[in-house]
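Here's a quick briefing on the structure below, sorted by topic. Keep the viewer open as you go through it.

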Amino acid sequence: MGNRVKGRPKRKSIKAAVHSGMATHRKLSRMGKVRKKNHAGLDATFIGRAKVLKKLQISLRDFRRLCILKGVYPREPRGRAPRNKKGQVFYHIKDVRALAHEPLLDQFREFKSFMKKVRRSANRREKDEARRKQPLAPKYTLHHLVRERYPRFADALGDLDDALCLVHLFACLPSDGKVQAGVTRKAQQLAAGWGAYCATTGSVTKSFVSVKGVYLEADVATSGQVVPVRWVAPHNFTQHVPDGVDFRVMLTFFEFYETLLSFVLFKLYGDLGVRYPLPAVAVDASGTGKVVGTATMHPTLGGTATSVLAANLGALEMALRDAAGGNAAAAAVKDAMQGEEAGLGGEEANESTAKADAKAAKASKKKQRERMRTIDEALKGVKDGDESEEGSDDEEGRGEDDDEEEVDIAAPLREALEAIDDSAVQDTDAVAVIADPAAQKRHQLFHGLTFYLSREVPRGYLELIILSYGGRVGWEGQDSPIPMDDATVTHHIVDRPKLLPNYAKLPKSREYVQPQWILDCANYNFVLPIDRYGVGAALPPHLSPWVDDVEEGYVPKYKEEVERLKNGEVLGEVTDEEAPAGEEGAFVEKKGGKEEEASSSSDEEDEEGQKAMVKKDNGSEESESSEDEEEEDDEDEAERKAAKKSQAEDEEAARLAKAMMSKKAARLYGRMQHGIAQKQAKVDNLHKKRREIESTREKSKEGKTTLKLKVERLKKERKEKEDAYADTGGSMKKKRRR
């Protein structure tokens, strides 16, 4: 800058103050624009609840209801909290703007002003005026919220878990001051409607009984995709309503879930060709349903039936039959109208259609005759094969030919049986509504089986599972479709230690099993043997169907047994080779001893010669067997050495690879190995527990378990030590204090 010249103004330095003669543009670029408070940053993005209430001009109760119905929840700011507002509840500004434009907000305000008028009339002792105003209360619907929150039907099905859990919970709650009777009645109707759909379409895939309740899962097919829906049904006990639960919040959730579930059931029933809601029916002993308008028949709803699910299921079956008949009539009317419009051409078309139908019927009959002929030939071949096997017992070398003939005979029989239509197995009166092949396969599990539930057995989930898997069910009640002494009952479900005396009068053709048998059969999709599920028997473990055994690395023993049963293996089969071999050996030894005595008494020279020959033969056999054993030992030793060498090489390669890793990669690898080790330790612990349980269940020759033998051994050792110590003049027994 040079020296300063006297009389001239001082030049501006680059270190001069910003406010000294600086232009506006330059000043804004350095300092930035001064903004108003709470107009930018975290303070503007996230707003506290008190400020939101002031902005929307509503009470806290209405704000909670609005947030629940709208699906708005508090958000936590990322990073630091705005200013010094830690621990507060924040809402996003966009959510607040959406709430401000919600039509329900105006309706809440209208209802608030309406209640002011009612209270004013009540305070003025104008009771007639207050009663006159009550029917004029403003009403609102939540249909637009369901369409807004779930634009696709698959989205609604994906969020149906919480709705079903809450609906089943309210269906079991008592109707007291906190929960009104209308709420319980509506929850039972919704739960029964969902259960009737699942039972009709065979959608239930998994079930599990726990302390919290019964977990159920159903696969609902929509738009070419299958959406799994899981919910919990509480146990049918007397529910204790706690005091610390805010039922106003739960009722708000139920209000929205009621609308959501009604939308979903309307769509699902519409796909079946049935209009929802259904009229309730009363199912009598003959199994016929009688429509009673819109009133239901459950006692909580003013009726006499004991099952809302049975009433809804009967109504759904009747509606399906009506829909099927209505569709046929509509098709006939449509064909007649087309025929009238077409004139003679229509008559020709009808003739051609009739000819085509007759041709198709003739072809189907011919195909059925061919199938029956194939079955007859296969059965005849089986009979001929059995006769040929009986006549060829003395011939050698026929075993392989017989096996080939058996395979050739069974093949056409199996193909013919598989070619038979499944419609021949199904009931002729039932309406086909199951399109999924997997659901059709599940629906055939209990086909032809009739279950009767005793009065101590919970009916809700068992009835749903049995009907979903194609069985028939009855119970002890006046509206049961199956009487107790019906001869068609195949399984009587009893949950008591022993049978009642009056069960001796029932038909002997039925089996008495515990309820767990139904759930295990449904989970494994296989009809299990009833030996371990008898009345009063110790039940096998009830395994969860949602546990992935391959991922866990441990397969329970009972699941292994079930898989072996599904593969056709026979469990508990004892091989008869060892016992006869031992008996035969003993018999040979005794016989050999007798022959030696006889030979020694007859001729000593022949005996010495025979002994020499036997010794020579035994020596040659022993030498051959010893050589074979030595060769096998050498091979095993070589395999062990090779495995040990490869393991050492793998460990060395892993150690070198870890040494070449970076610090970050080595730390990540260590965490991965730590997780794998923890998982393996858990699996090893399960195997250890399993071995301990199996060892305690094993019994000795005297019939005592290993655990009992251990206790007796410890007592015996204790007694010996006490006796040895008593010889010295002391005593190991503790003296009681006075």
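Let's start with a helix pair: α10 and α11 cross in the left-handed sense. Keep in mind that this is a predicted model. After the helices come a parallel sheet, a residue in strand β3 and a look at the cysteines.

**The α10/α11 pair**

- On the α10 side (residues 160–172), the contact is made by Leu160, Leu164, Val167, His168, Phe170 and Ala171.
- The partners on α11 are Val183, Thr184, Ala187, Gln188, Leu190, Ala191 and Trp194.
- Two packed helices are described by the angle between their axes and the distance between those axes.
- Here, α10 and α11 (residues 181–201) pack at an angle of about 125°, and their axes lie 8 Å apart.
- That angle is over 115 degrees but not over 145, so α10 and α11 count as oblique to each other.

**The four-stranded sheet**

- What order do the four strands of the open sheet take? Reading across, you get β9-β8-β10-β11, with parallel pairing.
- The edges belong to β9 (472–475) and β11 (511–513), each of which pairs on one side only.
- On average, and ignoring direction, neighbouring strands in this sheet are turned by 25° against each other.
- Helix α17, spanning residues 460–468, packs on the sheet and touches both β8 (450–453) and β9.
- The direction of α17 makes about 155° with that of β9, which puts the two in the roughly antiparallel class because the angle is over 145 degrees.
- Over at the other edge, β11 pairs with β10 (residues 491–493) in the parallel sense, over three bridges.
- If you want a residue to click on there, His491 stands opposite Glu511 in β11.

**Thr205 and its surroundings**

- Thr205 sits in strand β3, which covers residues 204–209.
- Is Thr205 buried or exposed? With a relative accessible area of 13%, Thr205 is buried, because the cut-off for that is under 20%.
- Setting aside neighbours within four places in sequence, Thr205 is in contact with Glu217, Ala218 and Asp219, and also with Arg442, Tyr469, Ala522 and Asn523.

**Cysteines**

- How many disulfides does the structure hold? The count is zero.
- Cys67 is buried, at 6% relative accessible area.
- Cys521 is buried as well, with a relative accessibility of 0%.
- Both calls follow from the under 20% cut-off, so Cys67 at 6% and Cys521 at 0% fall in the buried class.

Note on methods. Residues are numbered from 1 along each chain as its sequence is written. This is a predicted model: local features need pLDDT of at least 70, side-chain atom pairs count only at pLDDT 80 or more; totals for chains, interfaces and linings use all residues. Side-chain values use heavy atoms; hydrogens and water are left out. Two strands pair if DSSP finds at least two bridges between them. Helices (H or I, at least four residues) and strands (E, at least two) are DSSP runs, numbered from the N terminus. Axes are lines fitted to C-alpha atoms, for helices over the stretch in contact, and angles run from 0 to 180 degrees between N-to-C directions. Contact means heavy atoms within 4.5 Å. A disulfide is a pair of cysteine sulfur atoms within 2.5 Å. Buried means under 20% relative accessible area, exposed over 50%, partly exposed in between (1.4 Å probe, protein chains only). Angles under 35 degrees count as roughly parallel, over 145 as roughly antiparallel, 65 to 115 as roughly perpendicular and the rest as oblique. A crossing is left-handed if the near helix is turned anticlockwise from the far one by less than a right angle, and right-handed if clockwise.
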